[in-house]
Amino acid sequence: MTKTERLEQIKADIIAQNICPNLAKTAKQLVFGHGNPNANIVFIGEAPGKKEDATGEPFVGAAGVFLNTMLASIQLSRTDTYITNIVKYRPPDNRDPSKEEKEAFMPFLFEQMDVIEPTIIITLGRHSTACFIPDMQISEIHGQPMEVNVTASGITRHWTILPLYHPAAALYNGGLRSTLLNDFQNILPFITKKQNL
Ligand code: URA
């Protein structure tokens with residue numbers, strides 16, 4: 001199977017296994033992930049918002065516009081990356097996803113990462129970061145690449161995580177805009193191989 005076919009299979013598994021049926025009921029659609037399955041760089045947000053729910057693509061609303069600006073600041077576009085969320089259905093009224101909802105989607109997220117095999121996983125915001133680095137303060141660790149071992153279903157994965165503030169936070173707190181743009185520079189050393197777009 002190609003990487004695209006393997007990703008399609010994971011998406012089909014989420015639907016077949018009826019993961020988070022209450023969220024599935026209120027959401028318009030599953031927002032699985034978008035971008036280049038051969039990407040070195042994966043971004044992981046929290047959960048889809050209204051626009052993502054309507055279009056089926058992650059980070060297409062206001063936070064996504066700022067994400068595009070940050071990508072352009074390091075000469076990347078969305079098609080050089082793969083973008084997804086921990087939780088794949090929009091929570092009603094954009095409430096925070098619960099611990100149970102995040103845990104329910106984690107095995108599928110790990111499978112997505114197993115297919116893409118990125119050089120670096122960039123977690124956007126504290127919800128996403130906490131799934132890989134528990135008990136952290138995003139204010140203390142943002143912008144610093146970290147090596148982590150995550151064991152789930154008997155499989156230990158070794159990943160490099162770069163935790164960042166969530167781009168939406170910069171929409172409410174203008175001071176975080178320059179912090180995020182600075183932190184984005186730390187992605188540059190991980191852009192190692194020419195990608196097959
Ligand atoms: N915020 C997220 O965390 N993910 C999206 O896809 C959009 C906004």
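In this predicted model, the side chains of Arg157 and Asp114 form a polar contact at 2.6 Å. Arg157 belongs to strand 6, which spans residues 155-164. Its relative accessibility is 9%, so Arg157 counts as buried. The cut-off for that label is under 20% relative accessible area. Beyond its neighbours within four places in sequence, Arg157 touches seven residues named here in two sets. One set consists of Phe110, Glu111 and Asp114. The other consists of Val148, Asn149, Val150 and Ala152. Asp114, the polar partner of Arg157, is also among the residues of helix 5 that meet helix 1. Glu111 likewise appears both in the surroundings of Arg157 and in the contact between these helices.

The pairing of helix 1 with helix 5 was examined next. Helix 1 covers residues 3-16 and helix 5 covers residues 99-116. Their axes come within 10 Å of each other. The crossing angle is roughly 175°. Angles over 145 degrees count as roughly antiparallel, and the two helices are therefore roughly antiparallel to each other. From helix 1, the contact involves Lys3, Arg6, Leu7, Ile10, Asp13 and Ile14. From helix 5, it involves Phe105, Phe108, Glu111, Gln112, Asp114, Val115 and Ile116. By class, the residues of this contact are seven nonpolar, five charged and one polar.

The ligand site was then considered. The residues around the ligand are Gly45, Glu46, Ala47, Pro48, Glu52, Pro58, Phe59, Asn85 and His166. Polar approaches to the ligand include one from Ala47, where a backbone N or O atom lies 3.0 Å from a ligand nitrogen. Asn85 approaches with its side chain: a polar atom there is 2.8 Å from a nitrogen atom of the ligand. His166 also uses its side chain, placing an N or O atom 2.8 Å from a ligand oxygen.

Several loop residues complete the description. Thr79 sits in the loop between helix 4 (62-73) and strand 3 (81-85). Its side chain makes a polar contact with the side chain of Ser77, at 2.9 Å. Thr79 and Pro37 are separated by 42 residues in sequence. Their C-alpha atoms are 9.6 Å apart in space.

Two loop residues other than glycine have positive phi values. Asn94, in the loop between strand 3 and helix 5, has a phi of about 60°. Asn94 is partly exposed, because its relative accessible area is 44% and that label covers values between 20% and 50%. Asp135 has a phi near 55°. The loop that holds Asp135 runs between helix 6 (126-130) and helix 7 (138-141). At a relative accessible area of 82%, Asp135 is exposed.

Gly154 lies in the loop between strand 5 (146-152) and strand 6. Its relative accessibility is 74%, so Gly154 counts as exposed. Gly154 and Ile191 are 37 residues apart in sequence. In space, the C-alpha atoms of Gly154 and Ile191 are 30 Å apart. Strand 6, which this loop leads to from strand 5, is the strand that contains the buried Arg157.

Conventions. Residues are numbered from 1 along each chain as its sequence is written. This is a predicted model: local features need pLDDT of at least 70, side-chain atom pairs count only at pLDDT 80 or more; totals for chains, interfaces and linings use all residues. Side-chain values use heavy atoms; hydrogens and water are left out. Helices (H or I, at least four residues) and strands (E, at least two) are DSSP runs, numbered from the N terminus. Buried means under 20% relative accessible area, exposed over 50%, partly exposed in between (1.4 Å probe, protein chains only). A polar contact is a pair of N or O atoms within 3.5 Å; within protein, one must be able to donate a hydrogen and the other to accept it, and residues adjacent in sequence count only if both atoms are side-chain atoms. Contact means heavy atoms within 4.5 Å. Axes are lines fitted to C-alpha atoms, for helices over the stretch in contact, and angles run from 0 to 180 degrees between N-to-C directions. Angles under 35 degrees count as roughly parallel, over 145 as roughly antiparallel, 65 to 115 as roughly perpendicular and the rest as oblique. Ala, Val, Leu, Ile, Met, Phe, Trp, Tyr, Cys and Pro count as nonpolar, Asp, Glu, Lys and Arg as charged, and the others, Gly among them, as polar. A residue is near a molecule or strand if one of its heavy atoms lies within 4 Å of it.
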